[in-house]
Amino acid sequence: AAACGQHAGEHETSILLGLAPQLVRAGRLETGLTRTPADPQPLFYPDLRANAPNGVVGDPREASGARAERYLAAWTALLLGALRAEKNDR
């Protein structure tokens, strides 16, 4: 779970490798901050680099474009579920 990360970790990097691999600097992938609090907001605001100097929250080194479709499908399902729940609460 720590490798997945919250920014530029395995999850986001895998998605980018699947969608636009030319945008990923594969030779520069490196681990960033891997121990994060339950509430990530203080990591990112006011400045992510104060907490993760290389801008990475996670470990992108095991990223794979082959997982992009599965990750995007799960993310879409999660977002749709949240949207439907919100609509039902109104």
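## A walk around helix H1

Gly 9 has 0% relative accessibility, so it counts as buried (buried is under 20% relative accessible area, exposed over 50% and partly exposed in between, with a 1.4 Å probe and protein chains only). Keep in mind that this is a predicted model, where local features need pLDDT of at least 70 and side-chain atom pairs count only at pLDDT 80 or more, while totals for chains, interfaces and linings use all residues. Numbering runs from 1 along each chain as its sequence is written, and side-chain values use heavy atoms, with hydrogens and water left out.

Back to Gly 9: you'll find it in the segment before H1. Leaving aside neighbours within four places in sequence, Gly 9 is in contact (heavy atoms within 4.5 Å) with Ala 3, Cys 4, Val 57, Gly 58, Asp 59 and Pro 60. Its C-alpha also sits 8.0 Å from that of Gly 32, 23 residues apart in sequence.

Ala 8 is in the segment before H1 too, and its backbone is worth a look. Most residues other than glycine have a negative phi. Ala 8, though not a glycine, has a positive phi of about 65°. With a relative accessible area of 22%, Ala 8 is partly exposed.

Ala 8 also leads us to the largest pocket, as one of the residues nearest its centre, along with Arg 25, Leu 29, Asn 54 and Val 56. A pocket here is an open set of points on a 1 Å grid over the protein atoms alone, with protein on both sides within 12 Å along at least five of seven lines; lining residues have an atom within 4 Å of a point. This one holds about 500 Å³ of space, and its 17 lining residues split into 8 nonpolar, 4 polar and 5 charged.

Now step into H1 itself, residues 10-19 (helices are DSSP runs of H or I, at least four residues, numbered from the N terminus). Its buried residues are Glu 10, Thr 13, Ser 14 and Ile 15, and what covers them includes helix H3 (68-89). Ser 14 counts as buried because its relative accessibility is 0%. Its side chain reaches the backbone nitrogen of Ser 64 at 2.9 Å. Not counting residues up to four places away in sequence, Ser 14 touches Ala 63, Ser 64, Gly 65, Arg 67, Ala 68 and Tyr 71.

One last backbone stop: Pro 46, in the loop between H2 and H3. The peptide bond from Tyr 45 to Pro 46 is cis, with omega near 10°.

Conventions: Helices (H or I, at least four residues) and strands (E, at least two) are DSSP runs, numbered from the N terminus. A polar contact is a pair of N or O atoms within 3.5 Å; within protein, one must be able to donate a hydrogen and the other to accept it, and residues adjacent in sequence count only if both atoms are side-chain atoms. On a 1 Å grid over the protein atoms alone, a cavity is a set of points where a 1.4 Å probe fits but cannot get out, and a pocket is an open set with protein on both sides within 12 Å along at least five of seven lines; lining residues have an atom within 4 Å of a point. Grid points are joined across faces, edges and corners, and a volume is the space filled by probe spheres set on the points. Ala, Val, Leu, Ile, Met, Phe, Trp, Tyr, Cys and Pro count as nonpolar, Asp, Glu, Lys and Arg as charged, and the others, Gly among them, as polar.
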